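New notebook page. I want to look up how the parts of this one fit together, so I'll pull up the structure and take notes as I go.

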Amino acid sequence: MPLDLPTPAKPLMIGTRGSPLALAQAHETRSRLAHAFDLPFEAFTIVVIKTTGDKIIDRPLKEIGGKGLFTREIEDAMLKGEIDIAVHSMKDMPTLQPDGLLLDTYLPREDVRDAFISPTHGALADLPAGTVVGTSSLRRRAQLKLRRPDLEVVEFRGNLQTRLMKLDQGVAAATFLAMAGLNRLKMDEVSATAISEDDMLPAVAQGAIGIERRMDDTRVAEMLEAIHDLETGQRLAAERAFLKALDGSCETPIAGLAVLDGTTLTLRGEVLRPDGSDAISDTATCAIADGPDAGAQMAAKMLAKAGEGFFDWRG
């Protein structure tokens, strides 16, 4: 039976947050689907949905509910049939989806590295002691305090443009962004220095776009197969298994990155205390198909190594 493709009269509804980066990711998804099936862009409608995480920008995520704050309203709209698919930044996604929804399509991954941004200094190592650095990421905050305990770290919520504006206003002398976001928005004018993964291991799934759908929507599933990037899926399967086993909420500073080399996958992971006073890291190499098991096993080893007291701050 031929696939029932969307038309301008009956478009596929693509749900997304409304930030410039979220919209760029939704437009990329629409473009890939349109080209895969030789359809006009008008066969797809982008629906902006404001989430709780977008509405509350003056408090840390861990205080208002964690990662689900950027997905709940979008997923509710999909379950109600108001949208057909949802486009997400994978580093914001919980490891479990609501009943009836499935997250199994990924676009080709962008640059995974963090970017150091400062109007006055070229690199993190150049910052004098006492310099104020802004970040909303618990992971980046912990990594920064571990490596540069002499710096002052302040809360820096908001989308990419808001954080750059705060930097211009002098709220902080430096901040961090994801290279992927800068690249997707073509913000070449921003003076950014990419940080090596050896110096700052990125967030799990950083640089990846995920597409969520209803589990029983076979039509959409078949369409999404045409744009799914297998390598990104294999890497994220290992990273997210690691995250899930470690309880990857916004209350836990966790970093992880999987890379492929032929038929081999290498996974690196790190979990930190929020104050940067301690960190545990590990590396595992395995066959690509064994990536999820390797991620779960690495998490178990790190939890055992952490021992009693390491996670006491979580309450």
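**Entry 1: what I'm looking at.** I note up front that this is a predicted model.

**Entry 2: aromatic rings.** How many aromatic pairs does the structure hold? I found 1. Phe116 and Phe176 make up the pair, and it is edge-to-face. I wrote down 6.0 Å centre to centre and 65° between the planes. The edge-to-face label calls for planes over 60 degrees apart. Next I looked up where the two rings sit: Phe116 is in strand β5 (residues 114-117) and Phe176 in strand β8 (residues 174-178), so the pair ties together parts that are 60 residues apart in sequence. Are Phe116 and Phe176 buried or exposed? Both are buried.

**Entry 3: a charge over a ring.** I also checked Lys166. Its charged end sits over the ring of Phe156, 5.6 Å from the ring centre.

**Entry 4: an open sheet.** I traced 3 strands that form an open sheet, in the order β11-β12-β13, with antiparallel pairing. Which strands are at the edges? They are β11 (254-261) and β13 (279-287), each pairing on one side only. On average, neighbouring strands here are turned by 10° against each other, direction ignored. Between β12 (residues 264-272) and β13 I have 9 bridges. I also looked for what faces Leu272, and Ala279 in β13 stands opposite.

**Entry 5: helices on the sheet.** Helix α5 (residues 138-147) packs on the sheet and touches β11, β12 and β13. I noted about 75° between the direction of α5 and that of β12. Helix α9 (residues 230-245) lies across β11 and β12, and runs at about 145° to β11.

**Entry 6: the cores.** The largest nonpolar core has 26 residues. Which residues have the most contacts inside it? My list reads Met90, Phe242, Ile254, Leu265 and Val271. The elements giving two or more residues to this core are β4 (101-106), α9, β11, β12, β13 and α10 (291-306). The largest share comes from α10, with 5 residues. Apart from this core I found another, of 17 residues, among them Leu12, Val87, Leu107 and Leu224.

**Entry 7: a closer look at Leu265.** I went back to Leu265, leaving out residues up to four places away in sequence. The residues it touches include Gln234, Arg235 and Ala238, and I also listed Val259, Leu260, Cys286 and Ile288 among them.

Definitions and conventions. Residues are numbered from 1 along each chain as its sequence is written. This is a predicted model: local features need pLDDT of at least 70, side-chain atom pairs count only at pLDDT 80 or more; totals for chains, interfaces and linings use all residues. Side-chain values use heavy atoms; hydrogens and water are left out. Rings of Phe, Tyr and Trp (its six-membered ring) pair if their centres lie within 6.5 Å; planes under 30 degrees apart count as stacked, over 60 as edge-to-face and the rest as tilted. Helices (H or I, at least four residues) and strands (E, at least two) are DSSP runs, numbered from the N terminus. Buried means under 20% relative accessible area, exposed over 50%, partly exposed in between (1.4 Å probe, protein chains only). A charge sits over a ring if NZ of Lys or CZ of Arg is within 6 Å of the ring centre and within 35 degrees of the ring normal. Two strands pair if DSSP finds at least two bridges between them. Axes are lines fitted to C-alpha atoms, for helices over the stretch in contact, and angles run from 0 to 180 degrees between N-to-C directions. Contact means heavy atoms within 4.5 Å. A nonpolar core is a set of buried Ala, Val, Leu, Ile, Met, Phe, Trp, Tyr and Cys residues joined through side-chain atoms within 4.5 Å.
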